[in-house]
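Subject: Structure for your review

Dear colleague,

Please find below the structure that I am handing over to you. The notes that follow it set out what was found.

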Amino acid sequence: MTPLERARQLVAGAERVAVLTGAGISAESGIPTFRGAGGLWRKFRPEDLATPEAFERNPELVWEWYIWRRALIGEAQPNAGHLALAQWERRVQEFSLITQNVDGLHDRAGSRRILKIHGDIWLSRCTACSYQRMDRNAEYAGPPRCPECEALLRPGVVWFGEQLPRLVWDTAERAVHDCQLLVVAGTSAQVYPAAGLIGQSRAPVIEINIEDTPYTPAVSVALRGVSGDLLPQLFEP
Ligand code: BV8
Ligand code: ZN
């Protein structure tokens, strides 16, 4: 039995499914990953940009980086991998899509039950009060201010050193504990606590990636290739 046949067998038998996605699933939509060749972090260092300290020190630079990413994402379309996950959700009893991605492509592909454990790049939220809004485009005229209290707004994402949203995280952990199959697609499994979810699964794990990750030795099936090809192949043609 080939790894793909084994993976298909696991998929066919699972009614409670959890999927963890990372930047790799959006690579075929033209969005650079964080750590791959030409990755986002190549040009910038994470500690320079995706941290509260960086924002404190230089909100203009951090906002310019997020606006640049919003513009890039605004031009991108969901790919066959995103669409395959949205279709899978409609075929099984329980489906939880846990994503580290902040690009919103899973929403645009039609997924419903999305657990955004690192937030959403389109959200802008106040640094001082509870005001927040979803921005629709990459318009930018300097760091935006809160219409309620005049404080700076920040991108609604989780930065390094910041807690993940409590309720979303608890739901993601429960989804992994309850599932009959966990699929991990397009993540280098280096960022915690997200990567820790993989080790928490008692169910079989299918890893979809173009290269090995620290969890490859622990997974049930490692499929090598791009997620836009492999995810649709998990279902009988
Ligand atoms: C927390 C949102 C603490 C923002 C992101 C030292 C100092 C400070 C913190 C730490 C430290 N050491 C460890 C930590 C903890 C830290 C961490 O894990 N650091 C890592 C770097 C070691 N974690 C945190 O800080 C987290 N918070 O721990 O709280 C705390 C604890 C108690 C009390 C108070 C506080 C917060 C982490 C969240 C950070 N935010 N994003 C933004 O996007 O700007 S992380 C960022 O990395 C993205 O979310 C991204 O999704 C995520 C993970 O990266 P990947 O998605 O895996 O992407 P990557 O490029 O790495 O890999 C792509 C993969 O796809 C590759 O494997 C590639 O082979 C594959 N691929 C490529 N193309 C394809 C493909 N696969 C299939 N098909 C393809 N076509
Ligand atoms: Zn405010």
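Arg133 and Asp135 are joined by a salt bridge between their side chains, with an N to O distance of 2.6 Å. Please keep in mind that this distance, like every other value in this message, comes from a predicted model. Asp135 counts as buried, at 13% relative accessibility, because the cut-off for that class is under 20%. Arg133, at 29%, counts as partly exposed. The pair also belongs to a network of salt bridges, in which Arg70 is linked with Arg133 and Asp135.

The structure holds 8 salt bridges, and two others deserve a description. One of them links Asp107 to Lys116, where the closest N and O atoms are 3.1 Å apart. Both partners are partly exposed: Asp107 has a relative accessible area of 34%, and Lys116 has one of 22%.

The other connects the side chains of Asp170 and Arg166, at 3.1 Å from N to O. These two residues are 4 residues apart in helix α8 (residues 166–178), so about one helical turn separates them. In general, an α-helix has 3.6 residues a turn, so residues three or four places apart point the same way. Asp170 is partly exposed, at 29% relative accessibility, while Arg166 is exposed, at 53%.

I turn next to the zinc ion. Which residues hold the zinc ion (ligand 2) as its protein donors? They are Cys126, Cys129, Cys146 and Cys149, each through its SG atom, lying 2.3 Å from the ion. The angles among the 4 donor atoms run from 101 to 122 degrees, and the site is tetrahedral. For reference, the ideal angle for four tetrahedral donors is 109.5 degrees. Along the sequence, the donor residues follow the spacing C-x2-C-x16-C-x2-C. Cys129 sits in the loop between β4 (119–126) and β5 (132–134), and Cys146 in the loop between β5 and β6 (153–157), so this pair ties together parts that are 17 residues apart in sequence. Cys129 is partly exposed, at 30% relative accessibility, whereas Cys146 is buried, at 1%.

The last topic is helix α6. Why is α6 described as largely enclosed by the rest of the structure? The reason is that 7 of its 10 residues are buried. Those buried residues are Gly81, His82, Ala84, Leu85, Ala86, Trp88 and Glu89. They pack against α1 (3–12), β1 (16–21), β2 (94–99), α7 (105–109), β7 (181–185) and α10 (227–233). At the N-terminal end of α6, Asn79 acts as a cap, with a side-chain oxygen 2.7 Å from the backbone nitrogen of Gly81.

His82 is placed in α6, which covers residues 80–89, and is buried at 0% relative accessibility. The side chain of His82 has a polar contact with the side chain of Ser26 at 3.3 Å. The same side chain of His82 also reaches the backbone nitrogen of Asn79, at 2.9 Å. Leaving aside residues up to four places away in sequence, His82 touches Ile25, Ser26, Ser29, Leu105, His106, Ala109 and Ser111.

Yours sincerely,

A colleague

Terms used. Residues numbered from 1 in each chain as written. Chains lettered and ligands numbered in written order. Predicted model: local features only at pLDDT ≥ 70, side-chain atom pairs only at ≥ 80, totals over all residues. Heavy atoms only, no water. Donors = N, O, S within 2.8 Å, 3.2 Å for Na, K, Ca; no water. Tetrahedral: all angles 85-135°; square planar, octahedral: opposite > 155°, others 65-115°. Buried < 20%, exposed > 50% of the residue type's maximum accessible area, 1.4 Å probe, protein only. Polar contact = N/O pair within 3.5 Å; in protein donor to acceptor, adjacent residues only side chain to side chain. Contact = heavy atoms within 4.5 Å. Salt bridge = Lys/Arg side-chain N within 4 Å of Asp/Glu carboxyl O.
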